Amino acid sequence: MLVIGERINGMFKDIANAIKTGDPTAVQEWAKKQEANGAAWLDINCGPASDDPVSHMKWLVEVTQEVAKAPLALDSTNYDAIEAGLEICKQPALINSVPAEWPKMERVFEMAAKYEAGVVGLAMNEQGIPKDADSRVALAMELCAAADSYGVPMEDLYIDPLVLPCNVGQDHGPEALETIRQVKTLADPPPRTTVGLSNISQGTKKRELINRTFAVMGIAMGLDTAVADADDDELMEAIACARIIMNLDIYCDSFVEVYKDRW
Amino acid sequence: MGLTGLQIFKLLPKTNCAECDFPTCMAFAMALAQGKTSLDMCPYVSDEAKEQLESAAAPPIKKVTLGTGDFTRSIGDETEIFRHDKRFFNETILAIEVKDTDDVEAKCEKFNNLKFERIGMEFVIDAVAVVNDSGDADKFKSAVETAVNKTERCLVLMTEDADAMAKALEVAADRKPLIYAATNDNYEKMVELAKEKGCPLAVKGNGLMDTAELVDKVVAAGHKDLVIDPGSREMSQTLADLTQIRRAALRRVRTFGYPSMAVTTKEDPMEENAEATVYMSNYAQLIVMKLDEKAALLPLVSWRLNLYTDPQKPIAVESGLYEVGEVNPDSPVYVTTNFSLTYFIVEGEVEASKIPAYIISVDTDGISVLTAWADNKFSGDIIAKYIKDLGLEEKVNHKKIVIPGGVAVISGKLQDESGWEVMVGPREASGIPKFARENFGK
């Protein structure tokens, strides 16, 4: 599994403040820090408080790219903001995200094809998040078919089964994991998978423990990526270790360092 | 291996009529992929889609068989791009050219005598490829007839002249030769011949696109026992084409779902050997070459053996007594296991010590020293038995044996059982040269 570093998000005070004052220091520090600790992408989110997501997204992309080499995941429900970001991204980005709903899929997959971007597809629609794995997989299939019809390769589609906090949506956990497993059988080559990892532990005790345990279980089911806290060393170590056990990386004594240093 | 939901969905009519008892075509596709329903439930699916869906159950590369009797050889039926992912199954057929203008009888006799011994097994060249170099159909037929009578090897009949092929098949069809080759100009006649005689047919195109079209035409004409020659005679292009064919076949592109072949072009035997090695390593399942000298063929046969071994199984050397250098009755005796990696590391270090020595390789089913010791396959009594059975007492005038340092614990038992003095060697074979100098040096 590869990590999409979650920290450049307007939900966090320091980032919200940076957006407000136009001082890129906090953004750039987090970009460098996450990248140094093994993040393969950097998630960019203006936060719900942003009053001008288009220009804020552009600014965040610009200042992040000044210091980081990692590709970006443009995280917004405002597709104009995402398109503004895509236009200035120096390398193919991820669009985070689109649910299995028309005409949102039309807009997003057209953009993805045009900018050669990846797409995070959410296994949900207007009716919300389905509970059981079968319904989630059916929505994932809709996303696969839509991506295919717009010429977006399956390797560029990242299906998110959607995880809910395990203290309130506990019964969703096994369904989300089963979804990850089944999504891998929908197409050949299969679409990739992703989750918003930190969601699993919203409002719980021992968040880091829950996060890294789910990450490891997800990797065993075929989880390819996750929006997660790249600054959490124990999480990164657990991921590096799970990759070894799943025979995704060749073992060496310094496997943790190798996992973090490869980007 | 079935089709994925998306592959099935693309073949469905997308009417969403729900007559299949599923609400949408997509839901029906997913149910099909999971084996929960059958395709008959859909009244609107096209015949073409039906055939594609059904063919998905077939193996990705068709198995094709040449020859009869002891020289029956099968190729195809491969499933991998890289041997370490599982293994390569059916060894490449090596075919040596003989022209109908040559002395076919003498050449066939020569080929019959090409035999190689390696790690206790015997290998021969599989096939003789008779080439219609004269352009004369009768001459070709008589050359093929001579080959049929003089050798039991598989046959490849090489002419693009369908009339010459028809004549040659009169005398050779019973031997199930490979008919080489159907081209854009002659494929109708060649397919008729192959169908009538029940022989495999090589399809020779001109580049991948052209080859794909030709294969489809041949299949449409009713023959599916095929070997694909993409037609390139330039090494890098052939390598690329062979790779694309294998990849496409494993992606279930039916057109390329047949074994592939190559023809060497280099004149110099060394270069031709290297060329054939490249093709063999990269999915050619049949290679036609001019090489007929033992010295040039042995490396190729050895490489084929190595390439087609099962990577999951440890490779073992023959157990027994090995001599390193000019041994004499004073030479030291080392003992190790028959795991090839272990044995060759020890042998290399013993050689590097420049002190000639004996090495006993104990049959541990090809596993390493510590694994074998843990598994009770490398113990004092087993080694003692080897000392006795190999008659070591008559070969050397001392009674000392060196064991690997990692299994020092077995020294007591070995000493008791054998009556030999046990010397505990270094833990790592890299310590052998120093150990040998200190203990056996002059």
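Which hand does the crossing of α10(B) and α11(B) have, left-handed or right-handed? I took this as my opening entry, noting that the model is predicted.

Entry on the helix pair. I began by locating the two helices: α10 of chain B covers residues 269-281, and α11 of chain B covers residues 294-307. Two packed helices are described by the angle between their axes and the distance between the axes. For this pair I recorded an angle of about 15° and axes 10 Å apart. Angles under 35 degrees count as roughly parallel, and therefore I entered α10(B) as roughly parallel to α11(B). The crossing of α10(B) and α11(B) is right-handed, which settles my opening question.

Entry on the residues in that contact. From α10(B) I listed N273(B), A276(B), T277(B), M280(B) and S281(B). Facing them in α11(B) I found A296(B), P299(B), L300(B), W303(B), R304(B) and L307(B). By class, I noted 7 nonpolar residues, 3 polar and 1 charged.

Entry on domains. I looked up the domain assignment of chain B, which gives domain 1 as 5-55, domain 2 as 64-308 and domain 3 as 320-440. Between the centres of domain 1 and domain 2 of chain B, taken over C-alpha atoms, I recorded 40 Å.

Entry on the interface with chain A. How many residues does each chain bring to the contact? I found 10 residues from chain B and 14 residues from chain A. The area buried between the two chains is about 940 Å², and carbon and sulfur atoms give 68% of that area. In chain B, I noted that L6(B), M26(B) and M30(B) lose the most area to chain A; together they account for 54% of what the chain B side buries.

Terms used. Residues are numbered from 1 along each chain as its sequence is written. Chains are lettered from A and ligands numbered from 1 in the order in which they are written. This is a predicted model: local features need pLDDT of at least 70, side-chain atom pairs count only at pLDDT 80 or more; totals for chains, interfaces and linings use all residues. Side-chain values use heavy atoms; hydrogens and water are left out. Domain bounds come from an automatic or database domain assignment. Axes are lines fitted to C-alpha atoms, for helices over the stretch in contact, and angles run from 0 to 180 degrees between N-to-C directions. Helices (H or I, at least four residues) and strands (E, at least two) are DSSP runs, numbered from the N terminus. Angles under 35 degrees count as roughly parallel, over 145 as roughly antiparallel, 65 to 115 as roughly perpendicular and the rest as oblique. A crossing is left-handed if the near helix is turned anticlockwise from the far one by less than a right angle, and right-handed if clockwise. Contact means heavy atoms within 4.5 Å. Ala, Val, Leu, Ile, Met, Phe, Trp, Tyr, Cys and Pro count as nonpolar, Asp, Glu, Lys and Arg as charged, and the others, Gly among them, as polar. Buried area is the accessible area (1.4 Å probe) that two parts lose on being put together, summed over both.
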